[in-house]
Amino acid sequence: MIYLDNASTTPVAPEVIDAMVEELQHFGNPSSKFYPEALSAQARLKKYRETTANLFSCDPSNIIFNAGATEGNNHVITGCFYAYPEKKHFITTNAEHKSVLETMKFLESLGAEVTYLPVSEKCTINPDDLVSAIKKDTNLVSIFFANNEVGSLNDIEVLSTICKENNVLFHTDATQAVGKVDINLSTDYKNIDFLTFSGHKIHGPKGVGALYVGNNEYGVRHKLTPLLHGGDQEFKLRSGTQSMHNIAGLAKACDLAKDSLITAPQTLKALEVEFINALNNAFPGQVKFFGDLEHKIPGLLSFALQGINNEMFLSNYCDKVALSTGSACAIGEPSHVLRAMNLGEYTDQVLRVSFNTNFDKQLTKFILLINDYFTLFSL
Ligand code: PMP
């Protein structure tokens with residue numbers, strides 16, 4: 001099986017499995033008091049928080065563990081709506097992940113006004129459009145760091161600075177960018193107020209992630225209404241006993257991502273170049289790549305190959321290759337991202353391949369599959 005669907009999820013790293021198994025040997029609840037099992041759980045949780053924060057060069061007190069990016073996106077968007085009720089205007093883009101778009105739709109049903117910024121054909125936001133959209137009562141701007149279907153990167157440094165200058169909160173869904181871009185929340189990206197991501201996109205476990213909540217001008221964490229109420233865990237921002245083994249796995253995945261922040265993107269970029277060249281050589285003039293090839297996360301490519309129907313290709317070779325036709329989260333729907341890029345006519349053709357650093361020597365096999373498809377289905 002050629003695994004080319006790392007944007008959907010990544011194989012769990014062996015070191016992550018070891019860290020999770022080790023954590024499962026302990027049973028203390030980090031919210032309990034006094035006795036040694038509880039204290040050691042608190043100490044381990046503190047360490048996991050420090051390790052996770054280290055990936056983003058931020059303070060551990062700004063990291064809130066949760067169940068991943070879907071929860072984080074819901075939390076930030078609804079949490080700001082309730083925390084700042086006088087500000088009813090929100091801004092996002094029309095190419096966000098559904099967990100942002102549908103939450104914005106939900107806010108509209110509660111009386112919020114939402115502006116959906118258009119993306120360019122390269123799937124990026126024009127900063128001037130953001131400037132024009134900001135109003136007196138704009139509460140939050142939520143813009144993806146890297147798009148999950150085509151990989152294009154927004155200029156988050158510029159966009160978050162525009163928001164800071166206009167006194168508007170800024171959130172970015174960084175799920176696809178973490179581990180591929182050095183996101184330093186103390187320097188280049190200090191104007192980000194909220195950031196969300198999931199562990200399973202960086203070789204960690206599923207169902208765990210973190211939400212970064214930055215500080216306001218007084219050095220205090222931004223006010224945010226919780227999504228889950230009931231306990232004091234996670235600085236009272238996310239109730240419920242922490243999933244310690246998942247958090248242990250997430251922290252280990254962040255640690256590994258930090259160690260390979262320079263080498264992994266280089267390897268992924270090299271694989272990507274090799275892939276583009278091989279495809280262009282094998283099928284000259286037939287391949288159209290989507291998104292911004294110059295300014296994107298490495299290792300994710302979205303393309304259409306003339307003559308290939310994506311569903312037919314995937315179902316025919318489902319035991320040989322794993323890739324996707326867009327987002328794994330919107331099964332059976334035409335891609336809203338391609339439509340936002342005015343490329344809706346490619347919905348039946350688009351293929352998304354996403355590598356991990358272990359993808360090697362499988363390229364030839366992939367090209368052979370495409371040739372096989374042409375032999376079977378052409379004419
Ligand atoms: N945002 C983006 C950009 C994603 O790619 C994903 C996962 N496909 C999510 C949010 C949701 O992540 P999860 O399913 O882990 O909650």
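In the predicted model, Cys254 has a relative accessibility of 1% and therefore counts as buried. The closest cysteine sulfur to that of Cys254 belongs to Cys58 and lies 9.9 Å away, which is too far for a bond, given that a disulfide requires a pair of cysteine sulfur atoms within 2.5 Å. The structure as a whole holds 0 disulfides.

The ligand is surrounded by 12 residues, of which Thr70, Asp173, Gln176, Ser198 and Lys201 come nearest. When sorted by class, this shell consists of 8 polar, 2 charged and 2 nonpolar residues. Polar contacts to the ligand include one from the side chain of Ser198, in which an N or O atom is 2.6 Å from an oxygen atom of the ligand, and one from His200, in which a polar side-chain atom lies 2.8 Å from a ligand oxygen atom. Lys201, by contrast, places a polar side-chain atom 2.8 Å from a nitrogen atom of the ligand. On its own the ligand has 400 Å² of accessible area, and the protein covers 88% of this area.

A further set of contacts concerns Ser335, a residue of the loop that runs between β11 (321–322) and α10 (336–340). With a relative accessible area of 7%, Ser335 is buried, and its side chain reaches two backbone nitrogen atoms, that of Leu338 at 2.9 Å and that of Val337 at 3.2 Å. When residues up to four places away in sequence are not counted, Ser335 touches Glu149 and Thr347.

Conventions. Residues are numbered from 1 along each chain as its sequence is written. This is a predicted model: local features need pLDDT of at least 70, side-chain atom pairs count only at pLDDT 80 or more; totals for chains, interfaces and linings use all residues. Side-chain values use heavy atoms; hydrogens and water are left out. Buried means under 20% relative accessible area, exposed over 50%, partly exposed in between (1.4 Å probe, protein chains only). A residue is near a molecule or strand if one of its heavy atoms lies within 4 Å of it. A polar contact is a pair of N or O atoms within 3.5 Å; within protein, one must be able to donate a hydrogen and the other to accept it, and residues adjacent in sequence count only if both atoms are side-chain atoms. Accessible areas come from the Shrake-Rupley method with a 1.4 Å probe; for residues, only the protein chains shown count as cover. Ala, Val, Leu, Ile, Met, Phe, Trp, Tyr, Cys and Pro count as nonpolar, Asp, Glu, Lys and Arg as charged, and the others, Gly among them, as polar. Helices (H or I, at least four residues) and strands (E, at least two) are DSSP runs, numbered from the N terminus. Contact means heavy atoms within 4.5 Å.
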